[in-house]
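Please look over the sequence and the model below before reading on. The questions that follow take up single residues, then the interior, the surface and the charged pairs.

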Amino acid sequence: MEKLTMQEEEAMRWIWRISPCFVKDVLAKYEDPKPPYTTLASVIKNLERKKYVKAKRYGNTYEYHPLIEETEYKRTFLGGVVTNYFANSYKEMVSFFAKDQKISTDDLKDIIDLIEKGKE
């Protein structure tokens, strides 16, 4: 799976949320200033080339469907972040955010509850 650029990731997040969709549907979700239609169309064509989306032609326009699930993308690239920045340790990553006060004690308790429920 090829890493996406920031522009591709943003477009892909909208495609995951509103699929199936056309370029104009994705463009409508952007806040102002919106990118030019042709720029967004090129970004989505790159997503197709990278095999993240599949296009279905209707006349002179295309409808896009994701080929890769959002959870699969997150799992793959978050794993890379953990490997590259936290010595392949999710514990190190959570510790980093706890020390930086980006995660609260209540959040950590919720995470522990989720882990314990997953073991049942």
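**Questions on the model**

Q: Is Asn88 buried or exposed, judged by its relative accessible area?
A: Asn88 has a relative accessible area of 54%. Buried means under 20% relative accessible area, exposed means over 50%, and partly exposed is in between, with a 1.4 Å probe and protein chains only. Because its value is over 50%, Asn88 is classed as exposed.

Q: What pLDDT do local features need in this predicted model?
A: Residues are numbered from 1 along each chain as its sequence is written, and side-chain values use heavy atoms, with hydrogens and water left out. The model is predicted, and in it totals for chains, interfaces and linings use all residues, side-chain atom pairs count only at pLDDT 80 or more, and local features need pLDDT of at least 70.

Q: Where does Ala87, with its positive phi, lie?
A: Most residues other than glycine have a negative phi, and most peptide bonds are trans. Ala87 is not a glycine, yet its phi is positive, about 50 degrees, and Asn88 likewise has a positive phi, near 60 degrees. Helices (H or I, at least four residues) and strands (E, at least two) are DSSP runs, numbered from the N terminus. In these terms, Ala87 is found in the loop between H4 and H5.

Q: What is the omega of the cis peptide bond that joins Asp32 and Pro33?
A: One cis bond joins Ser19 and Pro20, with omega about -5 degrees, and Pro20 is found in the loop between H1 and H2. Pro33 has its place in the loop between H2 and H3, and the cis bond that joins Asp32 to Pro33 has an omega of about 0 degrees.

Q: Which element gives the largest share of the largest nonpolar core?
A: A nonpolar core is a set of buried Ala, Val, Leu, Ile, Met, Phe, Trp, Tyr and Cys residues joined through side-chain atoms within 4.5 Å. The largest such core has 22 residues, of which Met12, Ile15, Leu40, Ile44, Leu47 and Tyr52 touch the most other members. Two or more residues each are given by helix H1 (6-18), helix H2 (23-29), helix H3 (37-49), strand S1 (53-58) and helix H4 (70-85). The largest share, five residues, comes from H3.

Q: Which residues does Leu40 contact, leaving aside its neighbours within four places in sequence?
A: Contact means heavy atoms within 4.5 Å. With neighbours within four places set aside, Leu40 is in contact with Ala11, Val23, Val26, Leu27 and Tyr30.

Q: Which elements do the buried residues of H4 pack against?
A: H4 has 16 residues and reaches 22 Å from its first C-alpha to its last, close to the 22 Å expected at 1.5 Å a residue, where the expected span is 1.5 Å times one less than the number of residues. The buried residues of H4 are Tyr73, Phe77, Gly79 and Val82. These buried residues pack against H1 and helix H5 (90-99).

Q: Which residues make the nonpolar surface patch of about 420 Å²?
A: Patches are made of residues with over 30% relative accessible area and no salt bridge, like charges being joined within 9 Å and nonpolar side chains (Val, Leu, Ile, Met, Phe, Trp, Tyr) within 5 Å. Accessible areas come from the Shrake-Rupley method with a 1.4 Å probe, and for residues only the protein chains shown count as cover. H4 gives the largest share of the nonpolar patch, three residues. The patch of about 420 Å² is made by Leu78, Val81, Tyr85 and Tyr90.

Q: How far apart are the closest N and O atoms in the salt bridge of Glu2 with Lys50?
A: A salt bridge is a side-chain nitrogen of Lys or Arg within 4 Å of a carboxyl oxygen of Asp or Glu, and a search of the whole structure finds seven. In the bridge of Glu2 with Lys50, the closest N and O atoms are apart by 3.7 Å.

Q: Is Lys50 buried or exposed?
A: Lys50 lies in the loop between H3 and S1, and apart from its neighbours within four places in sequence it is in contact with Glu2, Lys3, Leu4, Thr5 and Glu8. Glu2, Glu8 and Lys50 are also linked in a network of salt bridges. Glu2 is partly exposed, with a relative accessible area of 42%. Lys50 has a relative accessible area of 12%, and so it is buried.
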